[in-house]
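Here are my notes on the model you sent over. I've kept them as numbered points so you can check each against the coordinates.

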Amino acid sequence: MSSVEAAAHSALEVLSIGVWEGEPLSLEPVLDLPRLRTFRASPGTLADPLEISRLTGLEFLELCPQDWRVLLDADAVPRSLLAAGIEVRNDVDPLPVVDLANEILARWDRPLITRTTLEGSLGPMP
């Protein structure tokens, strides 16, 4: 589909915004849809990530770290979430992503991701 508005209908349960080359999109057309449970958006596709806070029936949300940061900083993560995903690219340092995931997990009093650091030598390379 070419826009959020084109996808909006009363039976919509899953909305996924992939790579989008136009202007960032508003979620206004889907904010009042009662059955929308799953939402994911690729990096740079949302005009205002804070609109997500108005999707009160969400059970799953997947966003890039920057959009998660906006929601977390504004204390606007939907409380209805049962699961979350963080979309990262190959060139992203994983440690800040773990910190972000732990911040999300802590909001629901879930166990945090444990870090283990191994140090040593594998010996000379053949």
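**Notes on the model**

1. I'll start with Arg 69, which sits in helix α2. Bear in mind throughout that this is a predicted model. Arg 69 counts as partly exposed because its relative accessibility is 30%. Once you set aside the neighbours within four places in sequence, Arg 69 is in contact with Leu 100 and Glu 103. If you want a spacing for this region, the C-alpha atoms of Arg 69 and Ile 104 are 9.9 Å apart, with the two positions 35 residues apart in sequence numbering.

2. What does the side chain of Arg 69 do with Glu 103? The two meet in a salt bridge, 2.7 Å from N to O. Glu 103 belongs to helix α3 and Arg 69 to helix α2, so this pair ties together parts that are 34 residues apart in sequence. Glu 103 has 29% relative accessibility, so Glu 103 counts as partly exposed.

3. On to the strands. β2 (residues 38-41) pairs with β3 (residues 60-63) in the parallel sense, over three bridges. Within that pairing, Arg 40 is the residue standing opposite Glu 62 of β3. β3 also pairs with β4 (residues 83-86), again in the parallel sense, and here there are four bridges. Phe 60 faces Ala 83 of β4 across that pairing. To get from β3 to β4 the chain passes through helix α2 (residues 65-73), and the resulting β-α-β crossover is right-handed. That is the helix that carries Arg 69 from point 1.

4. Now the interior. The largest nonpolar core has 27 residues, and Leu 27 and Phe 39 are the ones with the most contacts inside it. Elements giving two or more residues to this core are α1 (4-7), β1 (14-17), β2, β3, α2 and α3 (94-107). Which element supplies the largest share of this core? That is α2, with three residues.

5. Phe 39 deserves a look of its own. Leaving aside neighbours within four places in sequence, the contacts of Phe 39 include Leu 15, Ile 17, Leu 27 and Leu 46. Also on the list are Ile 52, Leu 58, Phe 60, Leu 61, Glu 62 and Leu 63. Two names there have come up already: Phe 60 stands opposite Ala 83, and Glu 62 stands opposite Arg 40.

6. Please check Glu 51, in the loop between β2 and β3. Glu 51 is buried yet has no salt bridge. How far away is the nearest side chain of opposite charge? It belongs to Arg 54, at 5.0 Å, and a salt bridge needs the nitrogen within 4 Å of a carboxyl oxygen. Apart from neighbours within four places in sequence, Glu 51 is in contact with Ser 26, Leu 27, Glu 28 and Leu 31. Leu 27 in that group is one of the two residues with the most contacts inside the core.

7. So where does Arg 54 find a partner? The side chains of Arg 54 and Glu 28 meet in a salt bridge (3.7 Å, N to O). Glu 28 is in the loop between β1 and β2 and Arg 54 in the loop between β2 and β3, so the pair ties together parts that are 26 residues apart in sequence. Glu 28 counts as partly exposed because its relative accessibility is 44%, and Arg 54, at 44% as well, counts as partly exposed. Glu 28 also appears among the contacts of Glu 51.

8. Last, the other charged pair I'd look at is Glu 87 with Arg 89, whose side chains meet in a salt bridge at 3.5 Å, N to O. Is Glu 87 buried or exposed? With a relative accessible area of 14%, Glu 87 is buried, whereas Arg 89 is partly exposed at 43%. Salt bridges with shared partners join Arg 40, Glu 87 and Arg 89 into one network. Arg 40 is the residue opposite Glu 62 in point 3. Over the whole structure, a search finds nine salt bridges.

Key:
Residues numbered from 1 in each chain as written. Predicted model: local features only at pLDDT ≥ 70, side-chain atom pairs only at ≥ 80, totals over all residues. Heavy atoms only, no water. Pairing = 2+ DSSP bridges. Right-handed = clockwise from strand over helix to strand, strands pointing away. Core = buried A, V, L, I, M, F, W, Y, C linked by side-chain atoms within 4.5 Å. Buried < 20%, exposed > 50% of the residue type's maximum accessible area, 1.4 Å probe, protein only. Contact = heavy atoms within 4.5 Å. Lys, Arg positive; Asp, Glu negative; His and termini not counted.
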